[in-house]
Amino acid sequence: MARQPSTRPFSAALLGPALLGAVTKLDPRSMIRNPVMFVVEVVAVLTTVLFARDVLAGGTDLAFSGQIVLWLWFTVLFANFAEAVAEGRGKAQADSLRRTRTETTARRLAGAAEEVVPGHDLKVGDVVRVAAGEIIPSDGEVIRGVASVNEAAITGESAPVIRESGGDRSAVTGGTQVLSDEIDVRITAAAGSTFVDRMIALVEGAARRKTPNEIALNILLAGLTLIFVFAVASIPSFAAYAGGAIPVIVLVALFVTLIPTTIGALLSAIGIAGMDRLVRFNVLAMSGRAVEAAGDVDTLLLDKTGTITLGNRQATEFRPVRGVSERDLADAAQLASLADETPEGRSIVVLAKEAYGLRARDMASLNATFVPFTAQTRMSGVDLDGSSIRKGAVDSIIASVSPQPMATRGSGAAFAYSPGMAGETVREIQAIAEDVAKAGGTPLAVVRDGQLLGIVYLKDIVKGGIRERFAELRRMGIRTVMITGDNPMTAAAIAAEAGVDDFLAQATPEDKLALIRKEQAQGKLVAMCGDGTNDAPALAQADVGVAMNTGTVAAREAGNMVDLDSDPTKLIEIVEIGKQLLMTRGALTTFSIANDVAKYFAIIPAMFLGLYPQLQALNVMRLASPQSAILSAIVFNALVIVALIPLALRGVSYRPVGAGALLRRNLAIYGFGGLLVPFVGIKAIDLAVTALHLV
Amino acid sequence: MTLNGWSQIALFCAVVLALARPLGGYMTRVFAGERTILSPLLAPVEGGLYRAAGIDARHEQPWLAYALAMLAFHVLGFLALYGLLRVQALLPFNPDGQAAVAPDLAFNTAASFLTNTNWQSYGGETTMSYLTQMLGLTVQNFLSAATGIALAMALVRGFARASAKTVGSFWVDLTRATLYVLLPLCVVYALFLVWQGVPQTLSGAVAATTLEGQAQTIAVGPVASQVAIKMLGTNGGGFFNANAAHPFENPTALANFIQMVSIFAIGAAMTNVFGRMVGDERQGWAILAAMGVLFLAGATIVYGAEAAGSPVLDGLGLGGGNMEGKEVRFGIVASALFAAVTTAASCGAVNAMHDSFTALGGMIPLINMELGEIIVGGVGAGLYGMLVFVIVAIFVAGLMVGRTPEYLGKKIEAREVKMAMLAILCLPLLMLGFTALATVVAAGLAGPANAGPHGFTEILYAFTSAAANNGSAFGGLTANTAFYNTTLGLGMLFGRFFVIVPALAIAGSLAAKKTVPVSAGTLPTHGALFVGLLVGVILIVGGLTFLPALALGPIVEHLAGGLGQTFATGG
């Protein structure tokens with residue numbers, strides 16, 4: 001897949017197929033999807049027939065009508081060309097994807113036995129074994145083992161990723177290659193409906209369906225077209241009353257220039273290009289609807305870690321309780337973290353070494369067993385020589401040394417206090433933790449054999465420039481909510497530092513879901529990203545749910561977008577792309593409608609001059625002759641489509657300046673521009689047409 | 001144009017603006033069912049009416065039920081009026097012995113008064129009995145106006161409500177509009193008119209002898225009561241053929257001024273009701289501002305054109321303003337302003353003959369109607385017509401700020417756009433379609449009194465007036481024929497109901513939606529930018545369609561006049 005966002009709409013390689021596509025798309029069965037251009041095609045056929053009749057019958061003004069007929073066809077072809085170019089860019093990506101989908105064989109497990117079957121024979125629920133060097137035959141979920149997998153085929157990222165059973169990194173994608181170890185995979189997608197298949201369909205535009213906003217816009221355009229049908233169809237009677245007749249070719253020219261062909265021609269190209277821009281950002285939208293919804297988002301739920309702060313918190317200080325030395329605390333903390341491969345764990349080991357010269361020891365030589373972190377215990381540590389060391393969330397650690405079970409934890413209850421505890425140390429630990437939390441750090445309590453030792457101060461590093469991004473979002477009218485597992489005080493400090501509007505502390509998946517529902521009940525659209533299986537309900541509930549590609553199958557199924565780079569910050573870009581898509585549609589619609597004024601002033605005097613010579617006064621552009629005026633208008637109408645293809649593909653630039661300022665700017669450019677440009681353009685074409693003696 | 005003229009226009013605008021807020025506040029309370037100053041008197045009457053009709057005032061209707069109730073009510077109203085017209089000769093209160101009205105004219109008249117159009121293919125004093133005028137026409141004047149207000153209320157509720165299934169009760173809205181708004185105002189207003197010299201009597205025509213000794217029959221009747229509602233309810237159907245140019249309908253300068261104000265009063269106040277109900281009065285003022293811009297532009301052109309007069313007459317040494325077809329007692333400015341007002345609102349009463357205006361002076365009333373009577377417009381009808389354009393404007397502009405378009409927190413989606421386009425489509429179809437028909441068939445061509453572009457304008461004006469439910473006559477067209485009575489009648493019915501039903505559908509679908517809270521990303525809809533945008537969309541989407549027709553009518557007439565050319569014969 002193309003990694004670099006390309007800004008060049010036309011490349012030589014795409015041009016050939018696009019020109020061919022422009023012709024094949026003349027098929028009325030595909031034209032009917034676009035009502036405005038379909039109407040143009042119908043009248044083009046009609047005038048062609050009339051022209052042929054005139055040629056055979058020896059009519060007059062054949063050169064003029066011939067040129068009009070030609071330009072009518074060009075109008076349709078240019079529209080098709082715009083769509084073909086947009087599709088072509090997706091096709092190039094689809095082709096490179098398709099190459100990854102080589103036919104594979106799979107080792108299917110039947111009981112204890114293995115059988116080799118072709119990849120496309122796999123059914124959902126089959127279990128296959130994939131060893132190092134083999135290609136994963138289809139999408140699935142790792143149910144046994146851990147392996148490093150090269151996913152460059154779909155993400156373009158060559159660094160291998162770890163896939164393992166259980167947890168949030170269990171999803172594997174068909175077509176990717178296992179580099180080391182061996183895994184058993186339960187197949188979750190049948191042939192033809194895998195992730196890569198869906199990606200191909202999406203970027204090719206095969207699965208493209210009209211989005212709600214596109215449907216509404218199409219209705220508006222069809223309505224405007226109908227209005228101009230009435231306006232033009234009534235003219236022959238009016239002319240008859242005035243004692244004359246208007247040639248059909250002139251009526252058709254007026255009609256085609258008046259109906260909104262500019263936006264009609266570019267509408268689908270705009271939609272395809274919008275999806276394409278996302279793909280270039282390595283984000284796959286499962287539907288155009290999701291892209292549109294992104295533009296409408298009112299509330300962004302952002303995970304603190306990785307989005308607002310750098311993913312890894314760093315241990316910066318050990319704060320022991322009275323009676324414990326810093327060195328003791330550092331020692332215990334380091335032991336507890338030896339087998340902890342998280343960045344936080346490693347930073348504790350490093351800090352202990354740097355500050356107190358404590359060398360990292362070897363787990364095996366200590367005869368220690370690692371107790372991993374779980375969502376239930378919310379702590380980890382080691383057991384060695386009858387002694388147990390744990391580090392973890394302060395309330396969990398306190399609860400673990402408390403004789404009573406903890407009260408149910410809820411967001412808002414920062415440090416649930418268990419009455420009856422030996423209060424002194426607990427209170428001290430809590431005080432230290434509170435200090436750390438208030439400063440925006442994460443306190444990690446350390447306990448050895450039931451004795452609280454102190455707090456490790458983990459500092460969250462807020463990403464550079466993120467504050468400005470949030471200010472930008474605020475100007476766009478989007479509220480940001482930081483989601484974090486931290487306690488409310490820590491969350492508040494980081495929220496203030498990062499400049500988010502609100503935060504949800506100690507968030508459970510249920511809290512997240514509840515927050516989304518609450519926002520939606522107020523009529524707001526919510527976007528979020530997530531990767532874990534427990535994020536799936538929230539991802540499904542959110543209007544825009546961006547699943548990380550590293551996430552679980554459940555998360556990927558629940559979201560309506562997948563970020564192949566697994567970068568949660570992208571949510572902001574996704575919103576901008578959604579807005580850009582809608583803005584481009586609006587701008588070109590406005591331009592198209594505003595164009596009509598000049599076109600009327602070109603054609604009306606030309607058309608009625610034979611009836612009432614006085615109407616020459618309306619020829620404000622001083623166009624040379626009635627025929628050159630009509631020809632110039634129809635040529636302008638066709639050429640403006642080509643001229644605007646780059647804009648349609650690139651999109652109108654979005655600036656986070658607030659709706660009022662944005663409207664003022666776009667109205668000035670596309671509204672007033674739309675009024676003025678055709679006056680200039682038609683006049684220029686008229687000069688050229690006259691100079692070349694085309695009429 | 002004179003300072004005096006501009007002062008009259010400025011005074012008129014000031015009075016209309018000053019009335020909008022108090023009247024809007026009163027009407028808001030009325031339709032919310034709250035107590036008002038008139039409640040002690042009228043609440044028992046209102047309750048009695050509901051009991052008599054078996055209506056539960058608290059029971060609200062979904063949009064479709066609302067629409068069906070409205071349609072059923074109109075079918076019955078149509079039959080009643082048609083029947084009355086056909087049998088008036090057999091009924092009492094007919095001192096001048098008017099005969100039964102012919103079927104085509106009865107159809108046309110019933111359609112006309114039912115739809116708040118008040119197109120009159122007849123002369124009142126020579127066609128209608130007093131009973132018909134009072135029980136038929138005046139009653140429909142009240143009911144059609146009340147219907148317009150009711151429908152606007154339903155649409156406003158669509159914007160104001162969130163996640164609601166209903167848009168109000170047609171029966172309750174209709175009753176309240178009549179009982180609390182129209183009737184009390186009309187009682188006071190009619191007494192004022194009587195004071196100014198408008199007759200209110202059941203006796204027959206008065207026979208008089210003129211100074212030359214000629215016998216003259218002076219028509220009188222229950223005029224004041226009908227004139228009050230014809231203005232306030234933007235109906236416009238005169239008691240007399242000469243309408244508000246008749247000294248018994250519009251006797252004094254003060255009466256003329258108050259009549260103009262009363263045409264705009266309720267329509268302008270409706271924008272304030274709208275603002276109050278959606279919780280932000282500025283939204284109402286923005287709508288009124290857009291109306292005001294279009295109105296002032298139109299009034300300025302009419303006044304300018306009439307004050308400048310005709311270049312052809314100038315060439316003959318007859319300089320000065322155009323006084324042809326105008327009452328000397330009103331003069332140019334009061335006639336020009338009246339023409340702009342009566343066609344901007346869908347009133348259609350006239351105090352001067354529009355047919356005799358200059359080409360441009362006559363074109364503005366035409367354009368006012370072609371835009372769909374949204375410049376203040378008919379009572380209620382102006383507001384819902386304007387809101388339909390707002391939906392289209394918002395849809396296009398809203399996209400340009402990068403969001404699904406929304407207005408007052410309501411997302412504008414496919415269904416609203418579809419219904420808005422249906423409502424907008426219907427007017428050019430009727431106006432241009434019927435004109436196209438009439439300009440090619442013999443029955444149609446027999447109508448206009450003038451040849452050339454002016455004759456064309458006469459036909460176009462008639463169908464425009466009918467479809468827009470204005471009812472003003474350009475004059476010059478012989479409309480009391482089977483062809484015109486039928487086609488104009490159909491134009492009025494389609495022009496009314498093909499706008500109302502889509503508007504109600506929009507009300508229903510908006511009411512069901514959630515209200516999106518306002519943010520910095522929301523398009524502001526109360527500022528000058530939005531007003532300008534709305535005006536632009538109205539002119540381009542609503543107005544440009546008519547440019548070919550206008551070019552062949554008033555525009556070419558104006559250009560030819562400038563060259564000293566006339567269209568005496570042929571055509």
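In this predicted model, Asp276(A) and Arg280(A) form a salt bridge whose closest N and O atoms are 2.9 Å apart. The two residues stand four places apart in helix H10 (residues 261–280) of chain A, and they are therefore separated by about one helical turn. Asp276(A) is buried, and Arg280(A) is buried as well.

A second pair in chain A joins residues from two helices. Arg585(A) and Glu292(A) form a salt bridge, with 2.8 Å between the closest N and O atoms. Because Arg585(A) belongs to helix H23 and Glu292(A) to helix H11, this pair ties together parts of chain A that are 293 residues apart in sequence. Both Arg585(A) and Glu292(A) are buried. For Glu292(A) the relative accessible area is 4%, a value under the 20% limit, and the residue therefore counts as buried. Leaving aside residues up to four places away in sequence, Glu292(A) touches Thr211(A), Pro212(A), Asn213(A), Glu214(A), Leu581(A), Leu582(A) and Arg585(A).

A third pair links two strands. Arg129(A) forms a salt bridge with Glu182(A), and here the closest N and O atoms are 3.9 Å apart. Arg129(A) lies in strand S3 (residues 127–131) and Glu182(A) in strand S9 (residues 182–187) of chain A, so the salt bridge connects parts that are 53 residues apart in sequence. Arg129(A) has a relative accessible area of 23% and is partly exposed; Glu182(A), at 33%, is also classed as partly exposed. Arg129(A) and Glu182(A) belong to a network of salt bridges that also includes Arg107(A), Glu114(A), Glu134(A), Arg144(A) and Asp184(A). Over all chains, the count comes to 43 salt bridges. In general, side chains of opposite charge can pair when their charged atoms come close.

The discussion now turns to the meeting of the two chains. In all, 64 residues of chain A are in contact with 63 residues of chain B. Between them the chains bury about 5100 Å², and 78% of this area is on carbon and sulfur atoms. On the side of chain A, the residues that lose the most area to chain B are Phe238(A), Tyr241(A) and Gln614(A), which together account for 16% of what that side buries.

How many salt bridges are counted between chain A and chain B? The count is one salt bridge. Asp298(A) forms a salt bridge with Arg403(B), the closest N and O atoms lying 2.9 Å apart. There are also 13 residue pairs in polar contact between the two chains, both residues of each pair being at pLDDT 80 or more. Several helices of chain A each supply at least two residues to the side that touches chain B, among them helix H7 (212–233), helix H8 (235–241), helix H11 (288–296) and helix H25 (659–691). The largest share of that side comes from H23(A), with 15 residues. By residue type, the side of chain A that touches chain B divides into 39 nonpolar, 16 polar and nine charged residues.

The nonpolar interior can be considered next. The largest nonpolar core has 339 residues, and those with the most contacts inside it are Phe12(B), Met27(B), Phe295(B) and Tyr407(B). H23(A) gives the most to this core, contributing 20 residues. Around Phe295(B), beyond residues up to four places away in sequence, the contacts are Phe12(B), Cys13(B), Phe264(B), Leu337(B), Ala340(B), Val341(B), Ala344(B) and Ile375(B). Apart from the largest core lies another, of 39 residues, including Leu351(A), Ile389(A), Leu453(A) and Val456(A).

One further residue of chain B completes this account. Tyr384(B) is found in helix H14 (residues 381–399) of chain B. Why does Tyr384(B) count as buried? Its relative accessibility is 3%, which is under 20%, and Tyr384(B) is therefore placed in that class. Not counting residues up to four places away in sequence, Tyr384(B) touches Gly148(B), Leu151(B), Ala152(B), Leu155(B), Arg496(B), Val499(B), Ile500(B) and Ala503(B). Tyr384(B) and Ser112(B), by comparison, are 272 residues apart in sequence and 20 Å apart in space, C-alpha to C-alpha.

How values were computed: Residues are numbered from 1 along each chain as its sequence is written. Chains are lettered from A and ligands numbered from 1 in the order in which they are written. This is a predicted model: local features need pLDDT of at least 70, side-chain atom pairs count only at pLDDT 80 or more; totals for chains, interfaces and linings use all residues. Side-chain values use heavy atoms; hydrogens and water are left out. Contact means heavy atoms within 4.5 Å. Buried area is the accessible area (1.4 Å probe) that two parts lose on being put together, summed over both. A salt bridge is a side-chain nitrogen of Lys or Arg within 4 Å of a carboxyl oxygen of Asp or Glu. A polar contact is a pair of N or O atoms within 3.5 Å; within protein, one must be able to donate a hydrogen and the other to accept it, and residues adjacent in sequence count only if both atoms are side-chain atoms. Ala, Val, Leu, Ile, Met, Phe, Trp, Tyr, Cys and Pro count as nonpolar, Asp, Glu, Lys and Arg as charged, and the others, Gly among them, as polar. A nonpolar core is a set of buried Ala, Val, Leu, Ile, Met, Phe, Trp, Tyr and Cys residues joined through side-chain atoms within 4.5 Å. Buried means under 20% relative accessible area, exposed over 50%, partly exposed in between (1.4 Å probe, protein chains only).
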